[in-house]
Amino acid sequence: MVENILKRNEVPVEETWDLTHLVSNEEAYEEGVKKLIKDTNEFNAKHKGNINNAQQVIEVIRDCEALVTSLIPYATYVSLQLEEDQTNNEAQIRASKFSTVSSQFASLVSFIDGEILELSSEELEKAIEIEPTYAHYLNRLIAKKAHQLHPEVEKTLAALSSTLDAPYGLYNTTKLVDMKFDHFTVGGKSYPLSYNLFEGDWELESDTEVRREAFKAFSTKLADYQHTTAKTYNTHVQTEKALSDLRGYDSVTDYLLFDQEVEQDLYHRQIDLIMKELAPHMRRYAKLLQKEHGIGKMTFADLKIPMDPSYEPSVTIEESRDYMKKALGVMGEDYLAMIDAAFDERWIDFANNEGKSTGAFCSSPYGFHSYILISWTERMNEVFVLAHELGHAGHFRNAQKHQSLFNSDSSKYFVEAPSTLNEMLMANYLLKNSEDPRFKRWVISSIIARTYYHNFVTHLLEAAFQRKVYELIDAGESVNAAILSNITRSVLEEFWGDDVEINDGAELTWMRQPHYYMGLYPYTYSAGLTISTQVSKRILEEGQPAVEDWLKVLQAGGTKSPVELAKMANVDITTDKPLQETIAFIGSLIDQLEELTAEIHQTTN
Ligand SMILES: [Zn+2]
């Protein structure tokens, strides 16, 4: 199944995304960036030192929105070109050149918040009255006031922003450019290996010997780079700590949660409850896998295998369109039109090529359509991934249509709710259309193995790891490879208990996650999925009214906090209830898996 990896220029064009929608050609790029720098300087000359009253506050925000809007296509173009092929020399050079432009940009507009905050509260209230559109932006700014530094310090930090953000780029360079995997051999046969091949194929391989050898070869290569990667990560968290201290937050956690508009209790609840209450269900799932596959001792390297690998249906790119339309059609005409456009106009990068970023993501530049990165291997499983990414696209499409730029992005806490809701809709559609126990078991095990495993286990264990890292950092400590590996091992052991052996190499899992460079992101996956599990239940039970509520939530964009957004969909996340109900739901899915498995064995025996 796994073939040799193509170079970017060898993949079929129709499987790639069309970035010319952002920037039509090189010339347009060069000219556009030049104009952007000129406009930014003019903006600075016009507004700096001139924000003296409510009217001027509105004008500067409006002009700034327009300026950022004009930056977005170039920034997106540069980053997506690199994401599609990190080994592309030209793209690398362009990206580093552009990061200088971004720093310049950030430094030239950095005066805004500070100058606005020098005005009296009455004047800011007046600004909100003149232009209620900016109420959310201004209120958030007022809340930030206590953490604002002297304008010259803000300017310096902005000028240094690309340096402060450098660890993420270093992490990716180590992982995707420097790290070269040799083939591995099993029974005299040689198999190719890469990050994408490991996570997309080998980890799911049903031949235990091949799977475990792949894991060994993959971990051995990771180990070669553990110290560079740990140093990079330590630099990142120490930078966060320094910024948190400078700005006067009580802890790095408070600093990182501020922009999510979430209090610490919501953060800790996700980690504590899931570690405790979900673990027994997931251990039962691991046992079921072990039994089905006749594995003597279940190890960490075996957890990703499908329940029924001989059954995994395959699905072509074109067939996937049909699944998307049928499963997500409940969201309405506009949503369906978006799905068709995504396929017809090449919003999606399906190709498999060397240097491509791992996993899948959706980038939604304001004023344009979304772009989706995925590496299609024709596993049916991927209909869930694509439905997920289209969920992000649908969210931003709705939000951007109804909100101005600064109002369109919702909190990270909420951001994975629309995407995971689509995974649930996909599962509901597939389950409704079959009576075959084997297919039903495939669907349910896919939701467990993909949706819930990914969001409630993989990312949650990362969140538990991250919490321990920040505890150390807040105590003034630093981290290295040995410490990070110890933390990872202890988290994995706590969750899986005696039912899964945490084999050698598993402790290096901390090296695999780019989200560690994006603040407190990992825990938000389970938070989003908690909301979407409850909403999907509502859509199943109530139909259209629940869909209508949900579309309104999407359209609210970033104008409300996660607690308020969830409330609009009738989910109260200030209590334990939605999370406990979601965990119980996962338990019930595993019950069904056990029952369907018994049923299947009865009919085949
Ligand atoms: Zn997502």
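In what order do the three strands of the open sheet lie? Select E3, E4 and E5 to find out. The order is E3-E5-E4, and the pairing is mixed. Keep in mind that this is a predicted model.

**Stop 1: the sheet edges.** Colour strand E3, residues 348–349, and strand E4, residues 361–363. These are the edge strands, and each pairs on one side only.

**Stop 2: E4 against E5.** Add strand E5, residues 371–373. E4 and E5 run antiparallel and pair over three bridges. Now pick phenylalanine 361 and look across to E5: its bridge partner there is leucine 373.

**Stop 3: the helix across the strands.** Show helix H2, residues 54–84. H2 lies across E4 and E5. Its direction makes an angle of about 160° with E4.

**Stop 4: the zinc ion.** Centre on the zinc ion and show His388, His392 and Glu416 as sticks. Which atoms are the protein donors? They are NE2 of His388, NE2 of His392 and two OE donors from Glu416, at 2.1 to 2.7 Å from the zinc ion. Angles among the four donor atoms span 52 to 140°, and the site is irregular. Tetrahedral would require all angles between 85 and 135 degrees, so this site falls outside that class. Along the sequence, the donor residues follow the spacing H-x3-H-x23-E.

**Stop 5: what the site joins.** Select helix H17, residues 382–402, which holds histidine 392. Then select the loop between helix H19 (412–415) and helix H20 (417–432), where glutamate 416 sits. The pair therefore ties together parts that are 24 residues apart in sequence. Are these two residues buried or exposed? Histidine 392 and glutamate 416 are both buried.

Terms used. Residues are numbered from 1 along each chain as its sequence is written. This is a predicted model: local features need pLDDT of at least 70, side-chain atom pairs count only at pLDDT 80 or more; totals for chains, interfaces and linings use all residues. Side-chain values use heavy atoms; hydrogens and water are left out. Two strands pair if DSSP finds at least two bridges between them. Helices (H or I, at least four residues) and strands (E, at least two) are DSSP runs, numbered from the N terminus. Contact means heavy atoms within 4.5 Å. Axes are lines fitted to C-alpha atoms, for helices over the stretch in contact, and angles run from 0 to 180 degrees between N-to-C directions. Donors are N, O and S atoms within 2.8 Å of the metal (3.2 Å for Na, K and Ca); water is not among the atoms, so sites may look incomplete. Four donors count as tetrahedral if all angles lie between 85 and 135 degrees; four count as square planar and six as octahedral if opposite donors are over 155 degrees apart and all others between 65 and 115; anything else is irregular. Buried means under 20% relative accessible area, exposed over 50%, partly exposed in between (1.4 Å probe, protein chains only).
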